[in-house]
Amino acid sequence: MSGFEKLTTVSSNGANAEFEVKLAGVFTTAKLAKLIEGLKSSLQASITVEITGLVEMGSPSGKVPYKSKQELSCSIDDTLSSCSWFITKQGNTQPASIGNGSQVIVGSWCSNFTYLTLLQTTNLWDGLYTCKFTDGSISYTASGNVSIDLLPEEITMISKPQTADCTNKAIPVDVTVKCIILLPTSPVNYTVTLFYNSQTVPMVKEGGEKSCEAEQTWPKTKAGSTAIVFCPPGRTGNISRTCNEEGQWQSEKNYCVSEAINQLSSSVENFKLGLNATPEVAIQIFSGLKNSSSAGSNLTLGDIQATIGILDGMADASSTVTLQDDTMMNDFIDSASNLLSTPWSDDTSTSENLSKNYLKAVEELVTNIKVNISEGHNSSNIELQVCRNDDNCNRTIMGVQMALSTTAHQSKVVALKNLANLLPNNIENTQSASIVVSATLENASDHTANITLAFPFDNTSATADKIHCVFWETNASRWSEQGCVARKEIDNIICECSHLTSFSSLFSKEPVDSLPLDMITYIGLGISICSLLVFLFIEWLVWTAIVKSNLSHFRHTSLVNIALCLLLADCSFLASVFPLELGELCCFVMVLAKHFFFVAMFFWMLCLSLMLLHQLIFVFSPLRKKVYMILSFTIGYVCPAATVGISYLYYSKWSESDYYDDKTCWLKYEGTMKGSLHAFLFPVGVITIMNLFSMVVVIMTLLRPKVSEGKADDKETLKSILKAIVFLTPVFGGTWLLGFLMFFMEDATFGKLLHYAFTIVNSLQGFFILVTGVLGEKRVRDEVLKYILVTKSTKSESRPNLTSSISKR
C-alpha cells in the first residue's frame, strides 16, 4: 500500500482481531474496496474498515447557550452511498444513533455532504458527535464535541409535612421545603432562590381550617389539598389522595409506574426528539411494550397513563420515522389491546381524557405503520383487517359486517372493544355501542371512501326509539352524525358514512373531503377572484363610454353588482376552508357572509333577468331609471338581508336545529325539508327557475323572425340561440343547476361526476362573467381596445402631445 507507515494491533480475541493502519497517502473508496476484497479472499475473513482523517467536520466551538439552535456538518472528497450520525454521552461507551425528531433534523441527501441541525440544545444533546459516510464495508468518520451551558431541566419540590397543621394557633409549625434537581454529569454551580407567593417573608396561617385526619400511610391533610406518598421499591411516581373541601378523604390514585414501562417512556421521549430514532429501535419499543402491558388488570393508573403516553409518542414520531414491519404492527395491536382489559379510573374526567388520547394514538399508528404481507391481526380486545387493491372490501370484524368502498390501494379497519363507554358521550339520552370501528386509508387525502357497517341488534330486548350512527371527530373530541345515516333492519343496525369538503359542499348533504376537489376549488376560485377584479376594473374604466342609455345602465349596474357579490362570496368561502382553525365568532361571520353574498348574487341575477324579460314583452313601455334603481337595490340587497336575518332568527330562537355547523362553517342539512341549508336552496332554486324561464323567452324570440327579414336563415338562428345560451348562462346562474342535480342524485358514480362538474364550472364563474361581460359585448370590447391603443401610442409621444391627444379624445 503506497503511503503505508505502520500497523498496530489494537486487540485480539480468538478469531477476531482489531488493527490500526496509519497511511500518509489518500486512497479512493473504489481502490480501497478492491484491496479489501483481495484481503477477504486471501484471509477468508470478514473485514470492516473505518477511516478517520478524510472527513472535514464543522461543529460549534466552546460552550453553546442552553436551548439554542446549532448546526454541525461533514463533507468528504468522495462519493459514498449513505451517511449517519451518532452521539456518545459522557459515561457511555456505546454511541446512540440520531434521526429526525422534534429537536433535531438530519440531512437526507448525503453522498458527500451531510448536516445535522439541533433545534434546541438540551442535556440530551451534550456529548461527542460522530458523522459516518458508508459504502459497503468501508466507512469514513469524523467526531466533534458539543458542550452545552446547561440548566436543570427538572426541579422536584418536596415539603415536610406536606400540609401544615395550623389548628392550634399557639404552637408554631415548622415546614421544611427541599428543591431537588438532577445535576448534569459535569459539576455546575447554580443560584437557588425560593419564593412563596412572590414574597420572601414567612407566611402566617390562621387556625380553624377543616382537614382530613391521618390514616395509615396518609398524613393529616388540609381540606382542598392533596397528599402524596412515594411508590414502593421497583416503581417510580407517586400515589395521591385528595382531601375535599368538606374535610373528607377521596379515593386513592395510583400513579406508580413499573420500571420497565418507565424505561420505555424514556426511550420514546428520546425517540421523539431524534435520539435512537430508527425502525430497529421502534421494533424494540413495541416488543417491550407488549411484554410490560401484559399484566392486564394489575396495571395501575400510572401504568395506563404511561403506556398511552408511549403510544401517543410513537404516533407523533411515526410522522417523521418510517415504521414498516408486520411484527411491529402485531406487537402494537397486542399492547393496545392489553390496556382495554382493565378499568382505567373511577374518575369520569380522567377516563375520558385517557380514552381520547388512546383512540387518537391507535388510529395514527394503524395508519402510519406499514405492513407488507399481513392481512390483519386479532387480539383479545382489538381486531385489525387489511384490504389491498380492492375497491370493495367486505369483511366481518368483531361480529360487525363491513363493506368499505374506496379508491385507495390499501385500507385498514380496526375494531376496538371496551372503549366506547370510556369516550365522552355528547349525544344526550343515548347509550354507546360495545364496538368502535375505525377505518383508515393509505394516503387518505388523495382518496375517498364510503363505509357501511351492520351492527348486530336484538329487537326483542332493545328499547331505543332512535338509532344514531356517529363517527369520532378527533380534533373536536366528540361524536358527530355528520355524513352518517342509520336505519334499522330485523337483526341489524345499518350505518352508512361518507365524508366528502370543497366548493361543492354548498349543495352537499354532508361535508365533502377530497383532495382533487379541494385543489380544483382553490385554483378555480383564485382564477375567478382575479377575473372579477379585472372585470370590475374594466367596468370602471369604460363606464362613461358604454352607459349611454337606460337599458345599458340597467344591464351594467346588474353585472357590476353580480360580480361584486360573487367576489365577496368567493373570498368568504376561501376564508373558511379550514373551519376547525377558525374561532366560533369568525366561523359564524363567514357563514353569514357566504349566505348573504351568494343569495344576493342570485337576486341581482333576478334583476337582470326581469329587466330583459320586461324589454322583450313590453317593448313600448320602457322602464324609468329611477324606478329600476329603487327596485333593483331593494331586490338585490334588502331581500337577501331579510332572507338571512329571518333564517338566523328562526333557527336560533324557534327551531331545535342550529343555524350553522361550526365544523364546516356552512348551513346544516338534516333531512328532507329539515335544516338551514334549505334557506339557501329555496331562494336559489326559485330564482334559477325564473331565470331559465327568461332564457326560454329569449330563445323563443330569436326563433320568431322579424317581419322585415322574412324567413330567417336556420344557421344564423341556431348561432344566435347558442350565443344567447352561452352568454346568459353564467349571469343567470344556469350552471348552479348542477348543484341541484348533485343534491338529489343518489347514484354514487354519477353523483361524483356531478361534484367535479359543479366544482369546475362554478368555481370559474367569475372567469365566465369576465369573458361574457367584456369579450361578449362589442361596445365594451371596442372601448377596451381603444384604450389599449391610445395608451400604447402615447408612450412614444412627448408629454405635450400626450396632453393634446387626450384633450382631442
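Start by selecting Phe 535 in this predicted model, and display what surrounds the residue: setting aside neighbours within four places in sequence, Phe 535 is in contact with Leu 559, Val 560 and Ala 563, and also with Ile 769, Leu 770, Gly 773 and Val 774.

Next, widen the selection to the largest nonpolar core, which has 59 residues and in which Phe 535, Met 601, Tyr 659 and Phe 680 touch the most other members. Colouring by element helps here, since two or more residues of this core come from each of α7 (515–546), α8 (550–575), α9 (584–617), α10 (625–654), β36 (666–667), α11 (678–703), α15 (765–775) and α16 (778–794). If you keep one of these elements highlighted, choose α9, which gives the largest share of the core, 18 residues.

Apart from this core lies another, of 52 residues, and a convenient selection for finding it includes Ala 317, Met 329, Leu 340 and Ala 420. As background to both stops, nonpolar side chains tend to be buried together in soluble globular proteins.

Now turn to the aromatic rings, for which a search of the whole structure finds 16 pairs. Select Phe 286 and Phe 332, whose rings form an edge-to-face pair, with 6.0 Å from centre to centre and 65° between the planes. This pair links distant parts of the chain, because Phe 286 belongs to helix α3 (residues 279–292) and Phe 332 to helix α5 (residues 326–339), 46 residues apart. Both Phe 286 and Phe 332 are buried.

For the last stop, select Phe 588, Tyr 648, Tyr 659 and Tyr 660, which ring pairs link into a cluster; Tyr 659 will be familiar from the core visited earlier.

Terms used. Residues are numbered from 1 along each chain as its sequence is written. This is a predicted model: local features need pLDDT of at least 70, side-chain atom pairs count only at pLDDT 80 or more; totals for chains, interfaces and linings use all residues. Side-chain values use heavy atoms; hydrogens and water are left out. Rings of Phe, Tyr and Trp (its six-membered ring) pair if their centres lie within 6.5 Å; planes under 30 degrees apart count as stacked, over 60 as edge-to-face and the rest as tilted. Helices (H or I, at least four residues) and strands (E, at least two) are DSSP runs, numbered from the N terminus. Buried means under 20% relative accessible area, exposed over 50%, partly exposed in between (1.4 Å probe, protein chains only). A nonpolar core is a set of buried Ala, Val, Leu, Ile, Met, Phe, Trp, Tyr and Cys residues joined through side-chain atoms within 4.5 Å. Contact means heavy atoms within 4.5 Å.
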